[in-house]
Each structure stands twice: as structure tokens, then as C-alpha cells.
Amino acid sequence: MIIRAFFFTLFFFLIAQPSFSETLSVKGDNVNLRSGPGVGFDIKWAYGNGFPLRVVERKGEWIKVRDFEKDTGWIHTSLLSGDSFVIVKSHKGTDKKINIRSGPSTRYDIVGKAFYGVVFRKLDSKSGWIKVRHESGLEGWIKETLMWQR
């Protein structure tokens, strides 16, 4: 009876836990996403520095990843890092931009704007907002729901 209760509890705990996937980012510019785990496979895309990716699978020195548009492919481990980056996921296919604010609320001034697909380094998070820095040096806060992250 005790063993059955233990397994039931363990099963419930494992099923009830949310699934967290590992997120990595591209290290370098023009990093190739390949159709398979090796340099002999076709190049599907080239990513820029900081582009965030989710780990799908590992095979030797190669990692299968998925990007924010659900494209998948393989990248060598030496070209990925654990640095935290996010990417704008809102307004695909439009001219609309999201606001970057001086603080974590719509009450703060707009310090910049960004299009769909722009990558930022994640610095902090607070109350549904993410503090970010762009490679240009612009720093500010963006509503978390507008960004793709882990």
C-alpha cells in the first residue's frame, strides 16, 4: 500500500510539472542552421549573434534547435551559449513596432521602438516586464507578452 501511494504521488508530481525546455543563444554572426547534425548537411538559415533558440535534441557535438517561428535544424555546440536573449514576436508581417520604455509599466516614457524579429539581451524581469539591451546600446523595458523567451 505504501509503495502504491509512493508511485501514485511520484506519477502525479511528474505529470503535474510544467515542461521547461533549455534555451540557448547563437554565439557569433552568420551561424548556420543545418538540416542535419554535421557540416555535410544543407544550410537552412543563418542566424546572427544572440538569436535565441530552444533545444530539441542533442547528438554528439550537435544540438537540434527550434526558433521562435518554429523552424528546426542543427547547430554545432561551439556556436551556442547560455546567455539570455529574447526576440520580438509581435506584429509579424506588419510595419507596427513595439514600445521600449524607461521603466516596467506603460506609465514610463517610450525610449525606443522595435520591429518583429529584433533581438535583445535580457537583463532583468519585473511584474510581467523584461529589461533589455539592444546591441546598439539602447536599454529599456518591454512587456513580456510581446517577446519570445524561455
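**View 1. Ser-90 and its contacts.** In this predicted model, Ser-90 touches Ile-98, Tyr-116, Thr-145 and Leu-146, leaving aside neighbours within four places in sequence. Ser-90 sits in the loop between strand S8 (85-88) and strand S9 (98-101). Is Ser-90 buried or exposed? Its relative accessible area is 13%. The cut-off for buried is under 20%, so Ser-90 counts as buried.

**View 2. The salt bridge between Lys-92 and Glu-69.** The side chains of these two residues meet, N to O, at 3.5 Å. Lys-92 belongs to the loop between S8 and S9, while Glu-69 belongs to the loop between S5 and strand S6 (72-76). The partners are 23 residues apart in sequence, so their pairing ties together separate parts of the chain. Lys-92 is exposed, at 57% relative accessible area. Glu-69 is partly exposed, at 36%.

**View 3. The salt bridge between Asp-83 and Arg-121.** How far apart are the closest N and O atoms of this pair? The distance is 4.0 Å. Asp-83 is in the loop between strand S7 (80-81) and S8. Arg-121 is in strand S11 (residues 119-126). With their positions 38 residues apart in sequence, the two link distant parts of the chain. Asp-83 has a relative accessibility of 38% and counts as partly exposed. Arg-121 has 31% and also counts as partly exposed.

**View 4. A salt-bridge network.** Glu-139 and Arg-133 meet through their side chains, with N and O 2.9 Å apart. Which residues make up the network here? Lys-131, Arg-133 and Glu-139 are joined by salt bridges that share partners. Glu-139 is partly exposed, with a relative accessible area of 34%. Arg-133 is partly exposed, with a value of 34%. The whole structure has five salt bridges.

**View 5. The largest nonpolar core.** This core holds 17 residues. Those with the most contacts inside it are Val-26, Tyr-47, Phe-51, Leu-53, Val-65, Ile-75 and Leu-80. Which elements give two or more residues to the core? They are strand S1 (23-26), strand S2 (31-34), strand S4 (52-59), strand S5 (62-66) and S8. Apart from this core lies another, of ten residues. Its members include Val-86, Ile-100, Ala-114 and Val-132.

**View 6. Leu-53 and its surroundings.** Leu-53 is one of the residues with the most contacts inside the largest core. Setting aside neighbours within four places in sequence, its contacts include Val-26, Tyr-47, Val-65, Ile-75 and Leu-80. Leu-53 also touches Glu-22, Thr-23, Leu-24, Arg-66, Asp-67 and Trp-148.

**View 7. The stacked rings of Tyr-47 and Phe-51.** A pair of aromatic rings is described by the distance of the centres and the angle of the planes. The structure has four aromatic pairs. Why does the pair of Tyr-47 and Phe-51 count as stacked? The ring centres are 4.4 Å apart and the planes are at 25 degrees. Planes under 30 degrees apart count as stacked, so this pair qualifies. Tyr-47 is buried, at 6% relative accessibility. Phe-51 is buried too, at 12%.

**View 8. The tilted rings of Phe-68 and Trp-148.** Here the ring centres are 6.4 Å apart and the planes are at 50 degrees, so the pair is tilted. Phe-68 lies in the loop between S5 and S6. Trp-148 lies in strand S14 (residues 147-148). The two are 80 residues apart in sequence, so the pair ties together separate parts of the chain. Phe-68 is buried, with a relative accessible area of 13%. Trp-148 is buried as well, with 11%. Ring pairs link Tyr-47, Phe-51, Phe-68, Tyr-116 and Trp-148 into a cluster.

**View 9. The stretch from 4 to 19.** Across residues 4-19, pLDDT stays under 50. How many contacts beyond four places in sequence does the model have for this stretch? The number is zero. Where pLDDT is low, the predicted coordinates should not be read in detail. For the protein, the mean pLDDT is 88, and 86% of residues reach 70 or more.

**View 10. The protein as a whole.** The secondary structure consists of one helix and 14 strands. Of the 150 residues, 33% are buried. The exposed area is about 9,500 Å², and carbon and sulfur atoms supply 53% of that area. Among contacts between residues at least 6 apart in sequence, 48% join residues at least 24 apart.

Definitions and conventions:
Residues are numbered from 1 along each chain as its sequence is written. Side-chain values use heavy atoms; hydrogens and water are left out. pLDDT is the predictor's confidence in each residue, from 0 to 100. Contact means heavy atoms within 4.5 Å. Helices (H or I, at least four residues) and strands (E, at least two) are DSSP runs, numbered from the N terminus. Buried means under 20% relative accessible area, exposed over 50%, partly exposed in between (1.4 Å probe, protein chains only). A nonpolar core is a set of buried Ala, Val, Leu, Ile, Met, Phe, Trp, Tyr and Cys residues joined through side-chain atoms within 4.5 Å. Accessible areas come from the Shrake-Rupley method with a 1.4 Å probe; for residues, only the protein chains shown count as cover. Rings of Phe, Tyr and Trp (its six-membered ring) pair if their centres lie within 6.5 Å; planes under 30 degrees apart count as stacked, over 60 as edge-to-face and the rest as tilted.
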